[in-house]
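Work through the exercises below with the structure open beside you. Try each task before reading its solution.

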Amino acid sequence: MIDEKDKLKDADTLTAELQEFRDEVVAKYPKKVAKKRARGIVLSDPSTPPEIQANVRTIPGIITQRGCTYAGCKGVVLGPTRDIVNITHGPIGCGFYSWLTRRNQTRPTSDSDANFIPYCFSTDMQDSNIVFGGEEKLKQAIREAYALFHPKAIAIFSTCPVGLIGDDVHRVARHMMEEIGGGINIFGFSCEGYRGVSQSAGHHIANNGLFKNLIGRDDEVRGSLKYRVNLLGEYNIGGDAFELERIFEKCGVNLLASFSGNSTIQKFENAHTADLNMVMCHRSINYVAEMMETAFGIPWIKVQPIGARSTAKMLRKIAQYFGEQELTDRVEAVIAEEMAAVDAAREKARRRTAGKLAMLFVGGSRAHHYQDLFEELGMTTVAAGYEFGHRDDYEGRRVIPSIQIDADSRNIEEITVSRDATRYRPRKTEEELKALEADGMEFNEYHGLMSQMEKGMLVIDDLSHYEMEKLVEKYHPDVFCAGIKEKFCVQKMGIPLKQLHNYDVGGPYAGFRGAINFYKDIEMMVGATIWKEVKAPWESEDFVEATYVY
Amino acid sequence: MLLRHTTAQEVERKALTINPSKTCQPVGAMYAALGLHGCLPHSHGSQGCCSYHRSALTRHFKEPVMAATSSFSEGSSVFGGSSNLVAAIETIFTVYEPDVIAVHTTCLSETIGDDLTQIVSKAHEDGKVPEGKKVIFCNTPSYVGTHITGYSSQVSSFVKFFSAATPKKRNVVNLVAGWMEPSDMREIKRIARVMEARTILFPDMSGVLDAPLTGKFEMYPKGGVSLSDMAATGDSKFSIGLGAYSTEDACVKLENKCKVKFEVVEIPIGLKATDRFITSLSRHANVPVPDELTEERGRLVDLIADNSKYFYGKRVALFGDPDTLIPLTEFLLTLDMKPAYIVTGTPGKHFDESMQALLAEQAPEARYKSGERADMFQLHQWIKQEPVDLLIGNTYGKYIARDENIPFVRLGFPIVDRPGHNFFPHTGYVGATNLAIKILDKVLDHTDRTCAEEKVELQM
């Protein structure tokens with residue numbers, strides 16, 4: 001058992017120490033680098049979040065967690081859809097590395113339902129394609145993919161050299177759509193790795209593509225007319241979407257589409273017939289939410305179904321939005337039923353976890369969402385930050401007007417969306433919206449990571465390896481959350497690392513059962529005894545020569 | 001079915017690769033660079049490349065894989081990556097203090113034509129390279145060759161930048177390691193030690209990518225060939241390259257630069273390849289083969305003879321890298337198994353010629369393919385046309401193995417779902433024994449699980 005009082009006293013000293021962290025750590029950097037890095041390291045203040053530097057270029061050589069635009073577009077947003085043939089146009093590597101590495105689970109509905117997720121398709125560009133152009137090879141690759149698989153849709157993803165040599169993947173897409181005919185949908189993404197400053201640019205490009213090429217193509221209203229919602233920014237890592245689908249079904253909420261966990265083309269095409277959009281990962285999908293509101297009149301709210309309490313909160317928001325007693329009652333019944341098991345599991349885990357320290361450096365929303373789960377476990381998040389978040393993900397959407405648009409953001413296509421002439425339909429009247437807002441419902445709002453963190457805790461954007469090493473060395477958190485590249489560095493220091501990209505093959509962690517899984521996994525991690533065996537007995541004891549009595 | 005869209009029906013493909021049996025050059029360069037002590041690999045391109053390569057290597061080794069990137073923006077892609085690389089060099093030497101930065105290019109920096117010689121000399125002129133520190137580099141365009149090519153280029157750059165000939169030759173044999181596991185390198189060093197041969201193995205990932213948990217993170221773990229040893233390779237009297245694809249180029253460069261004669265043998269996987277390696281080392285290091293190794297060989301032969309009936313005639317499909325597949329195919333033939341289908345995405349005549357020679361007598365009906373579109377989809381289609389009894393390859397093979405219900409032995413890169421490959425070597429007689437036992441385990445487990453109940457045998 002942990003003496004919570006002792007830990008709390010430590011936490012006070014810790015806050016004092018955290019304040020010195022920035023100066024100490026940037027002292028190691030070259031002068032210019034130090035100046036830049038210092039702006040990305042701040043102390044949290046939930047009442048008035050300080051300005052943090054985010055979504056700016058990574059410092060060359062600093063050893064970053066970040067990936068590229070292609071990874072954000074193909075890997076994150078479009079990867080989880082099972083019935084699109086995703087062709088990577090480029091040398092073999094990019095397609096190879098994004099092949100099955102993100103644990104996007106999917107559940108085909110029958111044996112004949114398409115599922116291309118276990119496949120990797122690439123044009124495998126060679127030097128001759130770089131010299132003479134790769135458009136013809138891409139066309140031929142599409143022909144071959146069609147001949148072999150007859151998919152409903154083919155998407156093309158551009159890698160770095162494609163943009164440089166001037167291959168026009170959009171023109172190829174149009175050309176091949178005509179050539180193949182029969183209603184096949186083919187579209188391309190200019191998601192070359194060098195665009196933007198991180199994966200985030202790729203999310204934006206993917207969002208634009210979803211809106212232009214998929215959303216709104218199928219107006220048929222299917223299923224129940226009641227409580228029609230979409231869940232945006234949920235990628236079904238480790239089965240998260242399955243758990244949320246289960247909960248929605250139990251509540252009688254009609255989930256039309258997840259963007260894009262366990263998704264299909266048809267779900268995207270039909271998503272505009274929903275009456276509410278819920279945004280889970282704000283960073284990767286808020287653009288689609290905005291565009292669907294403008295074009296079709298679907299309001300969006302931010303939800304956070306990571307953590308049992310937050311999941312309950314999401315369900316109550318849905319009930320509040322639809323405003324029908326029948327739904328409210330059902331939601332309350334589901335919450336009551338689910339929470340029994342959650343409470344039991346949480347109390348059991350808390351015996352080991354309460355009072356412990358966590359650090360989260362991951363993604364563009366997970367470093368925020370998972371703090372809910374750690375709170376439920378009685379753990380304090382002493383340092384956190386995103387890999388590819390923007391200022392609004394830290395400070396809240398209120399700062400969006402004041403964010404400077406730099407060259408790296410300007411080169412990402414901004415599509416202008418206008419109200420759909422025939423299909424725009426306000427889901428609520430102005431008065432209804434006002435009434436809901438007066439009742440505490442917030443539309444188009446996200447308060448950001450810093451709103452949740454205790455005053456004085458560290459917030460670091462685009463954490464470098466050096467900063468990570470210093471954090472672990474100085475503060476010895478009980479759990480460090482990041483990704484695969486960081487995992488074994490931290491563990492060599494004797495601290496368990498929880499991967500929050502792939503969950504260490506765990507999960508689901510969303511929803512109620514997900515929370516229970518997470519409690520158990522963290523309890524296991526902080527309770528694992530092997531960390532006590534790092535030193536051999538003779539390393540910690542004085543050498544004593546044996547003496548014998550004869 | 002996981003690969004539900006794969007059928008036996010082939011459509012001629014000229015452009016589309018499906019489920020590749022290869023990846024791109026830079027990851028190989030990064031892997032090889034980790035085999036030099038005190039070296040930090042650096043990827044000159046978009047940061048996604050570096051992130052992908054580090055992730056791929058980390059998933060495989062379950063170890064820290066440290067590397068930096070030039071983090072190209074669109075601006076650098078237009079104006080060149082010179083300032084990014086110079087800035088990176090300054091940051092790396094200031095913050096991470098390696099002895100060497102090993103820069104490799106990517107398709108991005110190659111397409112725009114960045115000149116590394118010029119950029120690195122600019123870094124020197126600008127005083128960004130501290131006294132006694134080194135920046136080495138190699139060209140690894142992703143649109144030429146494969147990860148094996150990149151590995152080979154990095155190993156050659158070690159020779160180019162470090163190997164030096166003094167007037168005095170030393171009684172040392174260089175062992176140029178092809179793409180293999182740290183455990184395989186450890187085993188090869190053990191064999192050399194048992195033979196009392198004086199050798200320098202490079203690159204050497206043992207002690208780097210199989211480091212102990214000590215409570216301390218080591219940016220530059222104990223292992224890796226030292227810079228002084230690397231320099232001394234120029235004074236060695238002979239080099240043995242292990243694996244033509246990954247080491248021949250380095251051997252040639254070393255001969256040209258320092259007049260060190262060489263021989264390229266296969267990576268010692270299996271009985272005969274190990275025989276050849278040991279014979280070569282014995283001859284060139286001028287040491288006899290000790291009984292200890294002869295006994296290890298004898299134990300391997302004993303194991304194979306004892307279990308001959310379980311190996312005999314079993315059809316095997318295999319995929320991976322040519323330097324592994326060539327001796328592996330030979331070993332399967334030693335076991336009297338029947339290699340049926342063999343694919344490698346790495347192009348090159350040596351593979352085709354070796355297969356032709358190896359298979360002519362014992363398995364003339366075998367199908368093999370290398371280079372573009374020699375992919376796992378092709379392999380799977382062949383398996384659909386006529387099934388096999390065993391599949392050998394990297395983790396991606398498990399999707400085929402499950403769909404087709406065939407025993408599956410993991411060998412190659414990447415293996416991201418099972419530990420063990422960096423503990424149990426596949427090289428030497430001990431490695432061949434490990435491999436033969438693994439094959440038996442998988443094949444016999446499959447028999448036990450799938451045969452009729454009355455056919456379940458207690459003794460096998």
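**Exercise 1: A pair of strands across two chains**

A:Phe121 stands opposite B:Ile18, a residue of strand 1 of chain B. The model is a predicted one.

Task: State how many bridges join strand 3 of chain A to strand 1 of chain B, and in which direction the strands run.

Solution. Step 1: find strand 3 of chain A, at residues 121–122. Step 2: count the bridges to strand 1 of chain B; there are two. Step 3: read the direction; the strands run antiparallel.

**Exercise 2: The contact between the chains**

Task: Describe the side of chain B that touches chain A by its residue numbers, elements and classes.

Solution. Step 1: 62 residues of chain B meet 66 residues of chain A, counting C-beta atoms within 7 Å as a contact. Step 2: among the elements that give two or more residues to this side of chain B are strand 1 (17–18), helix 2 (47–61) and helix 4 (82–95). Step 3: sort the chain B residues by class, which gives 28 nonpolar, 22 polar and 12 charged.

**Exercise 3: Domains of chain B**

Task: Give the bounds of the domains of chain B, and the distance between the centres of domain 1 and domain 3 of chain B.

Solution. Step 1: the domain assignment of chain B places domain 1 at 25–145, domain 2 at 162–211 + 221–289, and domain 3 at 295–454. Step 2: over C-alpha atoms, the centres of domain 1 and domain 3 of chain B are 36 Å apart. Step 3: six residues of domain 1 and seven residues of domain 3 of chain B form the contact.

Terms used:
Residues are numbered from 1 along each chain as its sequence is written. Chains are lettered from A and ligands numbered from 1 in the order in which they are written. This is a predicted model: local features need pLDDT of at least 70, side-chain atom pairs count only at pLDDT 80 or more; totals for chains, interfaces and linings use all residues. Domain bounds come from an automatic or database domain assignment. Two residues are in contact if their C-beta atoms, placed from the backbone, lie within 7 Å. Helices (H or I, at least four residues) and strands (E, at least two) are DSSP runs, numbered from the N terminus. Ala, Val, Leu, Ile, Met, Phe, Trp, Tyr, Cys and Pro count as nonpolar, Asp, Glu, Lys and Arg as charged, and the others, Gly among them, as polar. Two strands pair if DSSP finds at least two bridges between them.
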